[in-house]
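I opened a new structure today and went through its fold, its cores and one helix pair. My notes are below.

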Amino acid sequence: MGLGARFPAVKRGFLARGAVAIVVAGGLVLAGAGCGGGGGEGGGDGRLDVGVLLPGGGASRFGQFDRPLIQAKLKELCSGCPVVIAATPDPAVQRQQLEAMIVRDVDVLIIAAVDPQLLHSSVDAAHRAGIPVVAYDRLAEGAISGYVTFDGATVGRLQGEALLKAMGPQPQGRQIVMMNGATTDPNAGWFKRGALSVLDGKVKIGKSYDTAGWRPENAFVNMKGAIAALGAGNIDGVLAANDSLAGAVISALNATEVRPLPPVTGQDADLVAVQRIVRGEQYMTVYKPYKPAADAAAEMAVALGRGESVASIATGTVDNGTTEDIPAVLLPSVSVTVGNIKDTLVKDGMYTIDEICTPKLRSACEDAGLIR
């Protein structure tokens, strides 16, 4: 499927479309008003029903940043268009939510897949129903027609480079633990390969874990096992694939009284992770500016929902093993350590100094140059 490929406008006609969203486990929330035309071509009045499926809500990165940014851009591009949003970390529930979106007859879908493999058949069902799918953050399997993410190889390289720097001028032969993401998420392998491209031949990887479900509790257990196997004094660094895993790793290190704490990497620039960096518990995180990603996903979705080309939006193409030449936007990331928090996260408006520097962190923030 090449750039600008259009889906057949298949009308199912068995469900009256109205202003009430279908509710399944995990919840669907309807924002906006009016009804679209369904089947990937939009309504005669230019309105579209847009479905958005996210792997987390609330305090997660997807709930805090991606969701409101996607909603805002969709509102800008398609004022009055209904947006149906569902969020769950459960892959089976997300598949139910996707199938409910198909029944609802949305015009286009934006999906950040919990488990791309599990959603494969449902993504193909959306394609057969004439509903274009934009994969967001994670490369879904099946007949998708657009993809927006951050370059995973760059993310992994940034983590690997930061870890080497944190271990000093001669890291050769020093021992690290790798706490990777879930094997069901293709991004996890992408991050891992990027990190290994920097680390291979320079450090000894004492233990490497693929964290089932990206769940912190699994990372905690794995890290305690690594400490028991390698010895508390024999871990010189930990490459944790994201900030949630980093938090679990640090909890395990603290629980076993490992001192001093080895440098630990992260990703997503979660507020609690930024505060750990200020305290000196976590060495770095990878900041992925979410607005450009959210904007690109919304722009792709609206164009595809209206049957238009996305050639002017895409920066290249990718293959997902089932579909070739998928129009894609791959965005850059930024390494954040204590020395550049103000020039990255604060400057971009992601967090304010007051949000980062709580009263308990005032002294650490002064030492970091965040406050005077």
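These entries go from the whole chain down to single contacts.

**Entry 1: the chain.** I note at the outset that this is a predicted model. I looked up the secondary structure and found twelve helices and 13 strands. The chain has 372 residues, and 54% of them count as buried. I then checked the exposed surface: about 14,800 Å², with carbon and sulfur atoms supplying 51% of it. For contacts between residues at least 6 apart in sequence, I read that 72% join residues at least 24 apart.

**Entry 2: the cores.** I looked for nonpolar cores next. The largest has 52 residues. Val-52, Ile-110, Tyr-136 and Val-148 have the most contacts inside it. Helix H9, residues 290-305, gives this core its largest share, eleven residues. I followed Val-52 outward, leaving aside residues up to four places away in sequence. Val-52 touches Met-101, Ile-110 and Ala-86, among others, and also Val-83, Val-84 and Ile-85. Ile-70 and Leu-74 are on the list too. A second, separate core has 30 residues, including Ile-235, Leu-245, Val-258 and Val-264.

**Entry 3: H2 against H3.** At what angle do H2 and H3 pack? I read about 5° between helix H2 (residues 91-104) and helix H3 (residues 116-128), with the axes 10 Å apart. Angles under 35 degrees count as roughly parallel, so H2 and H3 are roughly parallel to each other. From H2, the contact includes Pro-91, Arg-95, Leu-98 and Ile-102. From H3, it includes Leu-118, Leu-119, Ser-122 and Val-123. I sorted the contact residues by type: nine nonpolar, two polar and two charged.

How values were computed:
Residues numbered from 1 in each chain as written. Predicted model: local features only at pLDDT ≥ 70, side-chain atom pairs only at ≥ 80, totals over all residues. Heavy atoms only, no water. Core = buried A, V, L, I, M, F, W, Y, C linked by side-chain atoms within 4.5 Å. Buried < 20%, exposed > 50% of the residue type's maximum accessible area, 1.4 Å probe, protein only. Helix = DSSP H or I, 4+ residues; strand = E, 2+ residues; numbered from the N terminus. Contact = heavy atoms within 4.5 Å. Areas by Shrake-Rupley, 256 points an atom, 1.4 Å probe, with all protein chains shown as cover. Axes fitted to C-alpha atoms, helices over the stretch in contact; angles between N-to-C directions. Parallel < 35°, antiparallel > 145°, perpendicular 65-115°, else oblique. Nonpolar A, V, L, I, M, F, W, Y, C, P; charged D, E, K, R; others polar.
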